Amino acid sequence: MKSFGGCNMVVCSRCNTEIAGEPYRSISDDGQYCSEECMSKNAFDHPYSFEYIKLLSSYRHFQERKQKVNSFEERVDLENEMDLVIEEYKSLFFGDLEGSFYKAQIIKMYEKLLHLYHEVHDILLHRQYEVYYGVSIYWHDILNVVGDDLLDKIYLDLLDSLEQTYFFYRNLSRFAENEDEISPANLKDLLCFHTAEDQQRFVAILKQILLKHKEDHPEVIHKVFDGESFDFIYTPSIRKCFVCGH
């Protein structure tokens, strides 16, 4: 260990490279090494040296992977990989030291691996929500009020205006026949927006379309949109868990 500017830094005893993770240790000297390549060749001519190197390499790999876990699925994948290594080395951990330097190192590393496993398990353990801005369109209820012909006109006008909007996610009703586009055939569409501004831009488009058709169908359109508020179209806040996706 060397000191640079008052800070202790572990560097490789052979190549002087800074060691970011857990250092490799050798029975042949008191040095600490950045990789097995930097260890002396005679360091491997001892019992359990291969198992020690393999365990330490796995531990360092898991440390790196832990920093990159961003989803529930990634966490579970990493836990499963760690489970395999934990099971593989269990008998060595609970066995006797046998006076072996490397077996003593394996036991120390195994304890660190168990601690790292618990740290990984705590990542995204609880539900964490992001809040989005939604627009719910109940097509079936609108159809019952305005009829097929007028609904088709409203829908076609909406399709022409979709390029002006920025919704990113839809939760279709269980009756939906088409999962790839907004459609009255879905009976209900729920659009999500990252910002209130994007949500209100979409709402403004809907208002313009309904006001346009109100000129020819005032009484019918009034049942859906009275000039201020909607019936059958709602703007809920939506919570989506980014741990499990629900």
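1. Does Asn 16 count as buried, partly exposed or exposed, and at what relative accessibility? Asn 16 counts as partly exposed, because its relative accessibility is 48% and the partly exposed class lies between 20% and 50%. Asn 16 sits in the loop between strand 2 (7-9) and strand 3 (24-25), and its phi is near 65 degrees, a positive value in a residue other than glycine. Please keep in mind throughout that this is a predicted model.

2. A second residue deserves a similar remark. Phe 232, which is not a glycine, has a positive phi of about 75 degrees, and this residue is found in the loop between helix 6 (218-222) and strand 8 (233-234). As background, most residues other than glycine have a negative phi.

3. On the chain as a whole, there are 6 helices and 9 strands, and 38% of the 246 residues count as buried. Among contacts between residues at least 6 apart in sequence, 61% join residues at least 24 apart. The chain exposes about 14,800 Å², of which carbon and sulfur atoms supply 49%.

4. The count of salt bridges comes to 9, and one of them joins Lys 112 to Glu 22, with the closest N and O atoms 2.7 Å apart. Lys 112 lies in helix 3 (residues 101-121) and Glu 22 in the loop between strand 2 and strand 3, so this pair ties together parts that are 90 residues apart in sequence. Lys 112 is partly exposed, with a relative accessible area of 34%, whereas Glu 22 counts as buried at 11% relative accessibility. Both residues also belong to a network of salt bridges that links Glu 22, Arg 25 and Lys 112.

5. Helix 3 takes part in another such link, since the side chains of Glu 119 and Lys 66 meet in a salt bridge at 2.8 Å, N to O. Glu 119 lies in helix 3 and Lys 66 in helix 1 (residues 49-66), so the pair ties together parts that are 53 residues apart in sequence. Glu 119 counts as partly exposed at 30% relative accessibility, and Lys 66 counts as partly exposed at 22%.

6. A salt bridge can also lie within one helix: the side chains of Glu 79 and Arg 75 meet at 3.4 Å, N to O. These two residues are 4 apart in helix 2 (residues 72-94) and are therefore separated by about one helical turn, and both are buried.

7. Finally, a search of the whole structure finds 1 cavity of 30 Å³ or more. The largest cavity holds about 50 Å³ of space, and its lining has 8 nonpolar, no polar and no charged residues, among them Trp 139, Leu 206 and Val 224. Helix 4 gives the most to this lining, with 3 residues.

Note on methods:
Residues numbered from 1 in each chain as written. Predicted model: local features only at pLDDT ≥ 70, side-chain atom pairs only at ≥ 80, totals over all residues. Heavy atoms only, no water. 1 Å grid on protein atoms, 1.4 Å probe; cavity = no way out; pocket = protein on both sides within 12 Å on 5 of 7 lines; lining within 4 Å. Points joined across faces, edges and corners; volume = space filled by probe spheres on them. Nonpolar A, V, L, I, M, F, W, Y, C, P; charged D, E, K, R; others polar. Buried < 20%, exposed > 50% of the residue type's maximum accessible area, 1.4 Å probe, protein only. Contact = heavy atoms within 4.5 Å. Areas by Shrake-Rupley, 256 points an atom, 1.4 Å probe, with all protein chains shown as cover. Salt bridge = Lys/Arg side-chain N within 4 Å of Asp/Glu carboxyl O.
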